[in-house]
Amino acid sequence: CWIIKDTNWDEPLLQFTESEIERMAMMEHKRWCSEKINQGFSYAPGEKTSKTHPDLVEWTKLSEDSKKKNRSFVCGIPVFLQHENLRVERVKKERV
């Protein structure tokens, strides 16, 4: 996918496929974990504290509720971009 300037206001927003959502949610979780670790956070089970968080685990160990939060964030990307006069456009695959 590309992010482009939105010049066609009548065109519906792109809807990500389930596999795109899952892949991007995993990427977002990995990005978030890196950000938190760089801020000095570490994993701790249970309630989060000022410098610990229970979601600092790999995707496969993340709770389904937390995975849903990542998927929801990804699904909101086209709407967020629209507010900035941008849009997501799927790259057309060329045949070789």
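These exercises walk through a predicted protein model, each with a worked solution.

In this model local features need pLDDT of at least 70, side-chain atom pairs count only at pLDDT 80 or more, and totals for chains, interfaces and linings use all residues. Residues are numbered from 1 along each chain as its sequence is written, and side-chain values use heavy atoms, with hydrogens and water left out.

**Exercise 1. Fold outline**

Task: State how many helices and strands the protein has, and give their order.

Solution.
- Step 1: Set the terms. Helices (H or I, at least four residues) and strands (E, at least two) are DSSP runs, numbered from the N terminus.
- Step 2: Count. The protein has three helices and four strands.
- Step 3: Read along the sequence. The pattern is β-α-β-β-α-α-β.

**Exercise 2. Overall dimensions**

Task: Set the radius of gyration of the protein against that of a compact globule of 96 residues.

Solution.
- Step 1: Know the rule. The radius is taken over C-alpha atoms, and the globule rule is 2.2 Å times the number of residues to the power 0.38.
- Step 2: Compare. A compact globule of 96 residues would come near 12 Å, but the protein has 17 Å.
- Step 3: Add the spans. Along the principal axes, the C-alpha trace covers about 45 × 35 × 25 Å.

**Exercise 3. Surface and charge**

Task: Find the accessible surface of the protein, the share of buried residues and the distance between the mean charge positions.

Solution.
- Step 1: Take the surface. It comes to about 7500 Å² (Shrake-Rupley method, 1.4 Å probe). Carbon and sulfur atoms hold 55% of this surface.
- Step 2: Define burial. Buried means under 20% relative accessible area, exposed over 50%, and partly exposed in between (1.4 Å probe, protein chains only).
- Step 3: Apply it. Of the 96 residues, 30% count as buried.
- Step 4: Turn to charge. Lys and Arg count as positive and Asp and Glu as negative; His and the chain ends are not counted. Each charge is placed at NZ of Lys, CZ of Arg, CG of Asp or CD of Glu.
- Step 5: Read the distance. The mean positions of the 17 positive and 16 negative charges are 4 Å apart.

**Exercise 4. The core**

Task: List the largest nonpolar core, then trace the contacts of V74.

Solution.
- Step 1: Define the core. It is a set of buried Ala, Val, Leu, Ile, Met, Phe, Trp, Tyr and Cys residues joined through side-chain atoms within 4.5 Å.
- Step 2: List it. The largest has ten residues: L14, F16, I21, A25, V57, W59, L62, V74, L81 and V88.
- Step 3: Define contact. It means heavy atoms within 4.5 Å.
- Step 4: Trace V74. Not counting residues up to four places away in sequence, V74 touches F16, I21, M24 and A25.

**Exercise 5. Between helices α1 and α2**

Task: Decide whether H29, E28, N70 and K67 are buried or exposed, and give their contacts, leaving out neighbours within four places in sequence.

Solution.
- Step 1: Place them. H29 lies in helix α1 (residues 18-38), and E28 lies in α1. N70 is in helix α2 (residues 64-75), and K67 lies in α2.
- Step 2: Check H29. At 4% relative accessibility, H29 counts as buried. H29 touches D55, V57, E58, W59, L62 and N70.
- Step 3: Check E28. E28 is buried at 15%. Its contacts are N70 and F73.
- Step 4: Check N70. N70 is buried at 11%. N70 is in contact with A25, E28, H29, W59 and L62.
- Step 5: Check K67. K67 is buried at 13%. K67 is in contact with W59, T60 and L62.

**Exercise 6. K5 and N85**

Task: Describe the setting of K5 and of N85.

Solution.
- Step 1: Start with K5. It sits in strand β1 (residues 2-5) and counts as exposed at 59% relative accessibility.
- Step 2: Find its contacts. Leaving aside neighbours within four places in sequence, K5 is in contact with N85 and L86.
- Step 3: Go to N85. N85 is in the loop between α3 (77-83) and β4 (86-89). N85 is partly exposed, with a relative accessible area of 36%.
- Step 4: Check its backbone. N85 is not a glycine, yet has a positive phi of about 60 degrees.
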